[in-house]
Amino acid sequence: MTKSPTITFPDMTRRGLGALPWIAAAGVLAYAFFVGGYLTTVMSFALIYVVFVTGLNVFMGYAGQVSFGHNAFAALSGYTSAYLTTSHGFAPLPAFGAGLALALSCALIVGYPTLRLKGHYLAMATLAIGLIVYEVAVEWTSVTQGYMGISGIPPIGIAGYEITSERGQLAFLTVIVALATLVSWRIRESRFGRALSAVAGSEDAARALGISASRYKLSAFLASAAFAALAGSLFVHVVGFVSPEVYGLHMVVLAFTMLYVGGIGTIAGPFVGAVIISLLPEMFRQFKDYQDLAYGAALILLLIYAPRGLSTISSLFRRAAAKKAVVS
Amino acid sequence: MSKMLTTGFAALVAAGLMTAAPAVAQEPYKIGMSAGLTGYAATVDRAWRDGVEVAIAALNAKGGIMGRKLELVVEDNKSEPQEAVTVYRKMMSSDKVNIFISGCVSAGNFAAAGLVARAEIPMVLCSILPQQPDQVKWAFSTLPPAGFEVDTRLKYLMDKTQIRKIGVLHDPTPYANLQKNHAQKVAADYGLEVVGVESYKQDDADLSVQISKMHAAGARAILKIGLGGTTLTAAKNIKQLGLDMLMLTSLEDIAVFKPVAEVLGDKFFFVASPSQVYDVLPDGPLKAALTAFLTPWRAKHGDRDPNWASRGWDAVMLTAAAIEKEKSFEGPKVRDGLESISGFQGTTGVYNMSPTVHQGITTNPLLLATIVDGKVKVVQ
Amino acid sequence: MTEAGSAATRVLDVAGLSARYGHIEALHPTDVRVEDRELVAILGPNGAGKSTLMRAIMGLVENAGTVRFRGRPLPRRAPEACAADGVVLVPEGRGIFGPMSVAENLELGAYLSGSKAEFERRQERVFSLFPRLKERLSQVAGSLSGGEQQMLAIGRALMSDPKILLLDEPSLGLAPRVVEEILGSLSALNREGLPILLVEQKAPLALKIAQRAYLLSVGRVIAEIDPRKVSSYDEIAHYYLS
């Protein structure tokens with residue numbers, strides 16, 4: 001091995017590396033904003049997913065629970081937004097309010113009985129609710145139009161001003177994502193967040209310390225359902241169209257991938273993961289038929305070399321540096 | 001490090017700007033296609049793409065349209081709306097396509113329609129048309145109205161059989177739903193009564209409950225509406241239940257029907273596109289149009305089913321006709337050209353577009369056929 | 001022998017407590033009591049139901065019977081409420097929160113207390129008992145040694161200012177020297193007046209610090225032991241074998 005001048009890793013550099021995932025993801029965002037092109041579209045979807053995955057992270061990363069059905073809450077809110085704005089002339093915000101209420105009621109009905117039980121009851125129940133909501137979206141054609149979908153959904157508007165340009169939408173979504181990440185950070189650093197990590201660590205130990213596990217799990221579930229609902233409504237306003245496939249099981253698979261690639265339980269994880277996972281397929285687009293293959297291979301490499309997620313990449317460098325130091 | 005980042009960022013920006021460099025004169029006319037090359041629409045959309053490719057090759061061999069060569073950009077939308085929006089957007093801003101000739105993923109085309117219409121790019125589709133007036137203005141379809149497939153079957157039952165009670169078995173796709181609604185609406189016009197309407201999922205492995213229910217209600221013929229393996233499932237169920245019923249299915253790749261015919265024999269009928277029964281067609285303009293398409297198609301793809309591919313061929317030829325008529329490649333002009341096409345003999349039928357009709361096939365070109373001794377035979 | 005005191009001085013009174021996992025009754029109706037300032041040991045071989053008894057007292061398993069704490073019945077399905085009443089369990093396997101720092105673990109111990117001053121006071125008490133925790137305050141709990149983790153588990157429980165401490169096999173997987181250190185700390189806590197109910201498989205060690213002991217076998221109390229009257233450990237070995 002050649003002599004390396006960086007045997008010791010200064011703390012400053014390490015902290016710099018910790019910010020690297022943020023910088024990289026923010027750089028892509030800025031590029032999309034200033035240069036435009038279809039990257040704007042890709043990033044808009046990525047940001048919507050950041051909101052969704054941030055919610056999932058609160059429930060799965062912070063509270064250590066599993067849900068396969070958060071797509072249901074996105075669908076409930078998204079369809080409510082779509083239906084109320086197109087058929088009843090609602091403005092986007094009150095329509096979202098109704099969608100949020102519906103998603104939260106549904107989350108409460110599913111979560112309240114199942115989260116009192118230990119084990120995988122909730123995971124099973126969420127899987128079921130995801131499938132049921134999908135079926136309802138397909139079959140209840142008088143409201144949802146089935147597979148035809150609802151089109152002509154107005155764009156997001158604030159105080160009568162509609163955001164129609166893609167750049168404007170991207171800016172708006174950036175603000176939403178910043179707020180969502182801030183909320184996620186505040187949750188993690190709060191008493192509530194600590195209680196969630198305790199429940200994630202050991203439910204019995206947490207309860208023996210007086211932490212009401214079922215109440216906190218339910219609160220985390222509701223909070224994450226609210227994020228999912230927000231993402232669901234954002235989607236319909238950004239695209240202007242909704243059909244059942246939008247909130248299919250692939251949404252769950254994609255969100256899980258983003259969460260694990262970005263780093264579950266971390267604050268930057270959802271942002272980094274969603275941006276990377278949204279960009280990867282585009283990087284391989286010129287591979288045509290091999291696009292999926294290259295994407296899959298890249299995923300495997302990411303999970304092998306950054307098993308705790310890309311947002312923990314600085315610890316990866318630290319380990320490499322430590323190894324180097326040992327070798328030389 | 002920050003300097004390195006700045007440099008890298010600048011390089012990225014520069015790369016982005018270069019791709020956005022102004023167009024060179026006489027660059028090819030770019031056709032974009034959002035197709036479900038993977039996912040549920042794969043069979044149809046791959047055939048559609050191949051038909052479009054054959055048409056473009058044929059036109060380019062003759063020097064293109066008005067001396068301008070054609071170039072196709074295909075992107076896989078994975079049969080999903082969100083992916084479709086991404087690829088539409090990609091083809092608009094990165095490839096700068098002039099027109100879209102997109103596949104049958106309706107939801108994907110609908111999701112992107114607003115975007116495409118705002119950019120004033122016409123689209124010729126394999127799917128049904130979007131619903132919004134501002135979007136449908138820019139969209140055209142080569143699909144015959146859903147009702148035609150139903151009419152062909154109802155007419156046969158009225159004219160050639162004693163059956164007066166029928167059942168409708170359909171999947172939940174928009175196109176199947178349109179057919180189902182049409183059947184319920186017009187059955188009486190053909191002296192028929194719909195005594196049962198049952199639905200199924202595309203991946204159902206057994207349909208005997210639905211079939212028994214309709215038989216019990218008195219149905220002696222089933223209109224099966226929907227693509228895929230369920231057609232064979234339904235046939236097997238009818239046979240297993242020992243029911244004396246006819247099954248009349250929607251238009252599909254004939255390859256799917258061969259095993260079905262082995263199960264049900266002469267109790268099985270299917271709606272056929274002219275391209276699928278080319279050999280038994282009488283001479284005339286339709287056959288001539290089909291010859292133009294099937295000659296290069298068969299040279300490249302052998303006896304692969306030409307139905308969806310023939311629609312793709314038509315889409316390209318309609319585009320060429322519109323451009324030549326308007327003598328312009330501009331989006332709004334091409335749109336106007338498409339809208340004023342009339343009496344255009346395509347491979348599926350005659351196209352007559354108008355400001356209110358963007359689904360150009362207005363007279364029913366479809367036939368009803370059966371398979372006897374492994375050979376396709378037209379019965380009506 | 002400490003004779004059964006009056007109901008007023010009795011800290012914990014377990015009467016007819018049984019517990020089940022599904023259809024299997026892991027603990028048959030059992031009576032156990034802890035008097036004021038007492039350290040009571042629960043002895044017994046593996047699978048005797050010792051842990052189940054502790055979990056049943058806390059309400060962590062499905063159970064029936066009554067548990068009174070200073071004369072007041074404890075709810076049977078709410079470990080949170082037990083903890084709020086001052087009945088605190090250090091669970092088997094310690095149950096520390098590995099990814100969190102030592103400080104955060106201690107903070108969670110004081111979850112039910114809101115006062116900053118009170119928090120400081122309790123933390124000082126923990127540090128005086130386990131000075132090593134103070135040194136390791138910012139370290140990730142999962143990286144501590146087994147003995148330190150056990151200290152943290154006890155320290156965390158003390159942060160909730162328990163009125164009675166329940167410990168489930170604190171010696172599990174620890175070196176003999178460390179076990180003695182831990183049991184010594186427990187003894188010291190007890191001398192300060194904290195009642196303790198201690199589950200322990202290593203009977204000789206437990207009997208050194210306990211004032212009274214119960215012997216459990218196959219989900220039942222089969223004997224109550226006065227450590228001062230145990231002449232030889234053969235007597236206990238006899239129970240273990242039978």
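A salt bridge, for today, is a side-chain nitrogen of Lys or Arg within 4 Å of a carboxyl oxygen of Asp or Glu. Here's one to start with: the side chains of Arg194(A) and Glu107(C) meet in a salt bridge, 2.8 Å from N to O.

Quick housekeeping. This is a predicted model, so to speak of local features we need pLDDT of at least 70, side-chain atom pairs count only at pLDDT 80 or more, and totals for chains, interfaces and linings use all residues. Residues are numbered from 1 along each chain as its sequence is written, chains are lettered from A and ligands numbered from 1 in the order in which they are written, and side-chain values use heavy atoms, with hydrogens and water left out.

Okay, back to A and C. The contact, meaning heavy atoms within 4.5 Å, takes 18 residues from chain A and 22 from chain C. Buried area is the accessible area, with a 1.4 Å probe, that two parts lose on being put together, summed over both. For chains A and C that comes to about 1,700 Å², with 60% from carbon and sulfur atoms. On the chain A side, Arg194(A), Arg207(A) and Leu209(A) lose the most area to chain C, together 39% of what that side buries. So Arg194(A) turns up both in that trio and in the salt bridge I opened with.

How many salt bridges are there between chain A and chain C? Four. There are also six residue pairs in polar contact, both residues at pLDDT 80 or more. A polar contact is a pair of N or O atoms within 3.5 Å; within protein, one must be able to donate a hydrogen and the other to accept it, and residues adjacent in sequence count only if both atoms are side-chain atoms.

Which element of chain A gives the most to the side that touches chain C? Helix H8(A), with six residues. Helices here are DSSP runs of H or I, at least four residues, and strands are runs of E, at least two, numbered from the N terminus.

Next, A against B. Here 31 residues of chain A are in contact with 32 of chain B, and the pair buries about 2,900 Å², 63% of it from carbon and sulfur atoms. Tyr38(A), Met148(A) and Arg285(A) lose the most area on the chain A side, together 21% of what that side buries. The count is six salt bridges; one example is Glu135(A) with Lys201(B), at 3.5 Å from N to O. Nine residue pairs are in polar contact, both at pLDDT 80 or more. H1(A) supplies the largest share of the chain A side, five residues.

Last stop, inside chain C. An automatic or database domain assignment gives the bounds: domain 1 is 1-86 plus 164-242, and domain 2 is 97-162. Their C-alpha centres lie 24 Å apart. Between them, 16 residues of domain 1 are in contact with 13 of domain 2, burying about 1,100 Å², 75% of it on carbon and sulfur atoms. Leu165(C), Ile182(C) and Leu189(C) lose the most area on the domain 1 side, together 32% of what that side buries.

The two domains share two salt bridges. Arg125(C) forms a salt bridge with Glu192(C), the closest N and O atoms being 3.8 Å apart. Over on the domain 1 side, H7(C) gives the most to the part that touches domain 2, with six residues.

That's my tour; happy to take questions.
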